[in-house]
Amino acid sequence: MYWADKIAKEIISSKKFKPYWVDDMKTPSGFAHVGSLRGPIIHSLIFRALKDAGVEVKFTFVINDFDHADELPPEFKDELKNYMGFPLRKIPSPSKGYDSLGMLLADDFNKVMSELGVEAEILSSWDMYHQGKFDGVIKEALDAGEKIQDLYQKISGSRKKEAGWLPFQVICEECGRLGTTRVYDWDREKVSYKCEPSLVTWSEGCGNEGKISPFGGTGKLPWKVDWAAHWKVIGVTVEAAGKDHASAGGSYDIALTLCDEVFNWPKPFNFGYEFFLIGGRKMSSSKGLGLKAHDLINVLPAELGRFLFARSDYREQINFDPVGTMAIPDLFDEYDRCWLAYIEGTNENLARVFELSLIKGVPDEKPIFLPRFRDVANYLEQPNVDLVKKFEELKGSELTPVELKLLNQREKYAKIWIKKYAPQELKYEMLDELPRGLKLGDKEKEFLEKVVDLVEEKKDAEDLQQAIYNLTKEIKLDTKEAFTALYQVLIGKDHGPKAAWFLLSLPKKKVIQRLNEAVGVKS
Ligand SMILES: [Zn+2]
């Protein structure tokens, strides 16, 4: 049984987590990394598994846009440097069309989630606090200030108790910062706070002191307390956490304990899931991508993007390393394997992965032939190949409308892959100049010189290919050596696509100029 179905079964049979309410959350502190999608997709898979098991279930995703900025997106670091410590919803948006940085970043992430079929209703933490929905839990937390500190200490074992510490942060009425204020008194109506110049290293409070009601959005609970509190406020009964939070004694443990012992609310069904890694290499922006969440939907069809996460068990690390590797063609192959398992009913687990990777329901019409992604890419690299004809040849019959649509889609993404990700040795592009250190023998030069004449005169690829071949015989040059010389001069490799077709696909003037240059190279 697929892992999400197992979890759904466990949730239902325990009878402890009703009504079923799946939730996840994220702080919009920068343009999200692709790995940030693992949480929303894991939760979406569990949501669908519960639904498919026949129970009523809700699914929400909380954007923690009330959190303060303790770092800024690198894109806006200078522009927004004066806003460190401000709530994300009070930092102006550097791009037009948004009221705040928090809204801009949340929208960027929400769009990707929606494309990947994450069905969650989006909730804003800022809005919920301002609507007074957290007032009750704020009071409970402030009343239990001492106990919360004791629990922190007991669970994480590290934190020293601070006299007068209270679990609340106020937005300073003077400077607007949230991350710099310390609340030290609670008279059951108002909290007293100070905006501390040196509470944190990354920002400086203004020194203002004040007394204010903690309700209705004047401030918020610190995040571990907030995490637990929002389960109660929303009514969450299922929420997993990434491994970075889910270690023993970590923030997830603390939140779960606070939920139970401070808020008197049953702990949600919980588990930790593994990391998502991008190879051992740093992603290079010069190669066009830093692999943000929003990049993923530009380089993969949405169902493949979802599949990337759905394919792995939540207890396994995912290592995705697309730059200069075959990771993307491999992903398509694995997707096709699951698809075939679904069509042929051969492997229940793989078929289920396929089904759960689809954005909408399973299409009515099934293809019987899946054009392999790496073949599509390969044929695209060869000039003058008619993809439809080629794949009809491979299939042995006409492509159906569904298969044609799939081929078109794969053509689109194969072009992107070739341009951005394909290993260098698979790229056949004419070099801008002769490769350095090029060495050619007299026979090879003679060959290239005569190829110039052939390129001038032949217009048909078959003709040209035959003429080149005959030429090698005529001047008694080994065929392989001859073609190697030609590829070296044009693309800097020992091998390449079918020579005549490739030559005719390039601008004639450029080819002739290049061949003449090569003939003039000193041996
Ligand atoms: Zn202040």
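**Asking how we know**

Mentor: Asn264 is found in the loop between helix H9 (251–261) and strand S10 (272–273). Keep in mind that we're looking at a predicted model.

Trainee: What makes Asn264 count as exposed?

Mentor: Its relative accessibility is 61%. The label needs a value over 50%, so Asn264 counts as exposed. Its backbone deserves a look too: phi is near 50°, a positive value in a residue other than glycine.

Trainee: Where is Lys15, and why is it called exposed?

Mentor: Lys15 sits in the loop between H1 and S1. With a relative accessible area of 67%, it passes the cut-off of over 50%, so Lys15 is exposed. Phi is positive here as well, about 60°, although Lys15 is not a glycine.

Trainee: And what is the peptide bond from Lys18 to Pro19, cis or trans?

Mentor: That bond is cis, with omega near -10°. Pro19 lies in the loop between helix H1 (3–14) and S1.

Trainee: How do you know that strand S1 is largely enclosed?

Mentor: Count its buried residues. S1 covers residues 20–26, and six of those seven are buried, so the rest of the structure largely encloses this strand.

Trainee: What makes S1 and S2 a pair of strands?

Mentor: Pairing takes at least two bridges. S1 and strand S2 (residues 57–63) have seven, in the parallel sense, so they count as paired. For one bridge you can look up yourself, take Asp24, whose partner in S2 is Phe61. From S1 the chain crosses to S2 through helix H2 (residues 38–52), and this β-α-β crossover is right-handed.

Trainee: Why is the contact of Arg48 with Glu119 called a salt bridge?

Mentor: Their closest N and O atoms are 2.6 Å apart. The rule asks for a side-chain nitrogen of Lys or Arg within 4 Å of a carboxyl oxygen of Asp or Glu, so Arg48 and Glu119 qualify. The pair links distant parts of the chain, 71 residues apart: Arg48 is in helix H2, while Glu119 is in the loop between helix H3 (101–115) and strand S3 (121–124).

Trainee: Are Arg48 and Glu119 buried, partly exposed or exposed, and how do you know?

Mentor: Arg48 has a relative accessible area of 13%, and under 20% means buried, so Arg48 is buried. Glu119 comes in at 32%, which falls between 20% and 50%, so Glu119 is partly exposed.

Trainee: How do you know that Asp143 and Lys139 form a salt bridge?

Mentor: Here the closest N and O atoms are 3.4 Å apart. That is still within 4 Å, so Asp143 and Lys139 form a salt bridge too. Both lie in helix H5 (residues 135–143), four residues apart, or about one turn of the helix.

Trainee: Which parts does the pair of Arg372 and Asp333 tie together?

Mentor: The N to O distance in this salt bridge is 2.6 Å. Arg372 lies in the loop between helix H13 (348–357) and helix H14 (373–381), and Asp333 is in helix H12 (residues 327–344), so the pair ties together parts 39 residues apart in sequence. Elsewhere, Asp5, Asp52, Arg352 and Glu355 are joined into one network by salt bridges that share partners. By this rule, the count of salt bridges comes to 26.

Trainee: Now the metal. Which residues coordinate the zinc ion?

Mentor: Cys172, Cys175, Cys195 and Cys206 do, each through its SG atom, at 2.3 Å. Along the chain, these donors follow the spacing C-x2-C-x19-C-x10-C.

Trainee: Why is the site of the zinc ion called tetrahedral?

Mentor: Check the angles among the four donor atoms: they run from 104 to 113°. For tetrahedral, all angles must lie between 85 and 135 degrees, so the site fits.

Trainee: What makes Cys172 and Cys175 buried?

Mentor: Cys172 has a relative accessible area of 3% and Cys175 has 19%. The limit is under 20%, so both residues are buried.

Trainee: One more: how many bridges join S5 to S6?

Mentor: Five bridges join strand S5 (residues 181–186) to strand S6 (residues 191–195), and these strands run antiparallel. Asp185, for instance, has Ser192 as its bridge partner in S6. Four residues come between the strands of this hairpin, where Arg188 takes a positive phi near 75°.

Technical notes: Residues are numbered from 1 along each chain as its sequence is written. This is a predicted model: local features need pLDDT of at least 70, side-chain atom pairs count only at pLDDT 80 or more; totals for chains, interfaces and linings use all residues. Side-chain values use heavy atoms; hydrogens and water are left out. Buried means under 20% relative accessible area, exposed over 50%, partly exposed in between (1.4 Å probe, protein chains only). Helices (H or I, at least four residues) and strands (E, at least two) are DSSP runs, numbered from the N terminus. A crossover is right-handed if, with the strands pointing away from the viewer, the path from the first strand over the helix to the second runs clockwise. Donors are N, O and S atoms within 2.8 Å of the metal (3.2 Å for Na, K and Ca); water is not among the atoms, so sites may look incomplete. Four donors count as tetrahedral if all angles lie between 85 and 135 degrees; four count as square planar and six as octahedral if opposite donors are over 155 degrees apart and all others between 65 and 115; anything else is irregular.
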